[in-house]
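Dear colleague,

I am passing on the structure we spoke of, together with some notes on it. Please have it open while you read.

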Amino acid sequence: MSFFDEISKVDVDSFRALVDSRTDRDVDRALARCGQRMELPDFAALISEPARVHYLKEMATLSMQLTRRRFGRAVNMYLPLYLSNLCTNRCAYCGFSSANKFRRTVLTLDEVRDECEAIKAMGYENILLVSGESERRAGMPYFREVMPLVKRYAAYLQVEVQPLSAEDYAELKGLGLDAVCVYQETYHPGCYRENHLSGRKADMRWRMETPDRAGQAGLDKVGLAALLGLYDPRVDLMALAAHVLYMRDHYPKVRLAISFPRLRPAAGAYEPRYPVGDAKLVQVITAWRIFDNELDLTISTREGAEFRDLIIPLGVTGVSAGSSTEPGGYAHHGENLEQWAVNDSRGVDEVCAALRLNGLDPVFHDASTTYFRAV
Ligand code: SF4
């Protein structure tokens, strides 16, 4: 039985009442369980209003301590490489949606090589391949060519492309793939339908079962997230926590990463219906760390410089910097539409200097693998 089958038995809106019913005593109880396996009522307490109002400082301190204990001072630096802005899906919130008219492109192998050289010059060895979803022009035949080429430049190779079958993931693993990121966006069926209007992504089961397939293929890591702003964060965060528990139970060898992307302005002028403020996001990040000490927590350049400098020391273990969200954006700037607006436009050196000022150590391969092998 997949996670989709399990969560489909639940009215996810009922998570809202669970979060709203939490009291200070529940928060105390959850914090006392830190380091043991936590369950959904604990996570509900950690993201509740009593936790935000009375425990935020305590949670931030605890989150920092847990992160240093588990990951040391290392922060993994990764960079997205956009392969394509071609997409056959219509997602209401995304600049790459097929409903938006602009020049589409899929990088040729020569262009991918140019991007890799530019990325190498920036010092990165942890590369995240990103594309819109187009089976015809950026499907498995394309990935079979791209993956070995990029692997020559990548000590750690991740993809955030269309969901694939377990067999395809296994084949890509043989070509050097280490990790898959697949954001569910929202776990609420009605909201999912409203925002995924056509294309393969409209199939909620297919998307939600992607982490299962990646786990079955034996990949090293799976990245999960809900797109904050699409639906009530109490509901989506709780469903995501249920997904984490499910993955821990069914694929104990797979490392898990959580991201917390907030909706940013994009072509199509989508306005988030459930905006998540800065204080709430701080709470959410610390809640994840306390809930599960082993999660990789990653943050992209969607967030602004000042806010990133504030939250990274609290528990974040994966950071991008100097990112471009347009295909060809490193070697040939400014020709294609970006997927979303980068909000931290500092160069990689500047971000690394800020990390070091905070006592952190930026590393350009996937440090957590090395770290855990060494201890
Ligand atoms: S979110 Fe992904 S699948 Fe949806 S339109 Fe954008 S690129 Fe395509």
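What follows covers two helices and one loop residue.

The model is predicted, so local features are given only at pLDDT of at least 70 and side-chain atom pairs only at pLDDT 80 or more, while totals for chains, interfaces and linings use all residues. Residues are numbered from 1 along each chain as its sequence is written, and side-chain values use heavy atoms, with hydrogens and water left out.

In helix α3, residues 24-32 (helices being DSSP runs of H or I with at least four residues, and strands runs of E with at least two, numbered from the N terminus), the buried residues are Asp 26, Val 27, Ala 30 and Leu 31. Their directions fall within an arc of 135° seen down the axis, so they line one face of the helix; the arc is taken from the directions from the helix axis to the C-beta atoms. Buried means under 20% relative accessible area and exposed over 50%, with partly exposed in between, for a 1.4 Å probe and protein chains only. The face turned away carries the exposed Arg 25 and Ala 32, whereas the buried residues pack against α4, α5, α6 and α14 (contact means heavy atoms within 4.5 Å).

In helix α9, residues 166-174, Ala 166, Tyr 169 and Leu 172 are buried. They cover an arc of only 125° around the axis, which puts them on the same side of α9, and they pack against α8, β5 and α12. Glu 167 and Gly 174 are exposed on the other side.

Finally, Arg 136 lies in the loop between β3 and α8, and at 75% relative accessibility it counts as exposed.

Best wishes
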